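The following paragraphs walk through one structure, from its surface to its helix packing and its charged pairs.

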Amino acid sequence: MEILLALMVGILYGTGIYMMLRRSMVKLILGIILLGNGANLLIFLLGRITKGAPPIIGSDAKVFVEAFADPVPQALILTAIVISFGLQSFAIVLVKRAHTVVRTDDLDEMNATDEDS
């Protein structure tokens, strides 16, 4: 299972970088989204996939005796999801505004119109 998820992280990173290298602003945003999802999956994998009880130590014990789920990667992923959603929504609004002004989403044409003014 971990090999499959590691392969999926590589696919998400590869397609995300490929989409970011395209000249279209829409493909740039899609690449950022794919890269963010790949990073979330990577953080999830680094926390190891274990089935277990929540990490609560009883009053009579001093250490964990059974397998437990690590809550830190889950909290990091939740934070990353919120931050990436904010970045994506800002980028979408920015691209929409740039498209209404320049009437194109090609980055080369946007650079050409910048030099003319």
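In which helix is Phe44 found? Phe44 belongs to helix α2, where helices are DSSP runs of H or I with at least four residues, numbered from the N terminus. The model is predicted, local features need pLDDT of at least 70 and side-chain atom pairs count only at pLDDT 80 or more, whereas totals for chains, interfaces and linings use all residues. Residues are numbered from 1 along each chain as its sequence is written, and side-chain values use heavy atoms, with hydrogens and water left out.

Phe44 joins Met1, Leu4, Leu7, Met8, Ile11 and Ile49 in a nonpolar surface patch with about 710 Å² of accessible area together. Such patches take residues with over 30% relative accessible area and no salt bridge, nonpolar side chains being joined within 5 Å; areas come from the Shrake-Rupley method with a 1.4 Å probe. Helix α1 (residues 2–20) supplies the largest share, four residues.

Phe44 also takes part in the contact (heavy atoms within 4.5 Å) of α2 with α3, where the α2 residues include Ile29 and Ile33 and the α3 residues include Leu76 and Ile92. The residues of this contact comprise 15 nonpolar, two polar and no charged, with Ala, Val, Leu, Ile, Met, Phe, Trp, Tyr, Cys and Pro counted as nonpolar.

Two salt bridges (a side-chain nitrogen of Lys or Arg within 4 Å of a carboxyl oxygen of Asp or Glu) are found in the whole structure. One of them pairs Arg23 with Asp106, with the closest N and O atoms 3.9 Å apart. Arg23 lies in the loop between α1 and α2 and Asp106 in the loop between α3 and α4 (107–116), so the pair ties together parts 83 residues apart in sequence.

Key
Helix = DSSP H or I, 4+ residues; strand = E, 2+ residues; numbered from the N terminus. Patch = residues over 30% accessible without salt bridge, like charges linked within 9 Å, V, L, I, M, F, W, Y side chains within 5 Å.
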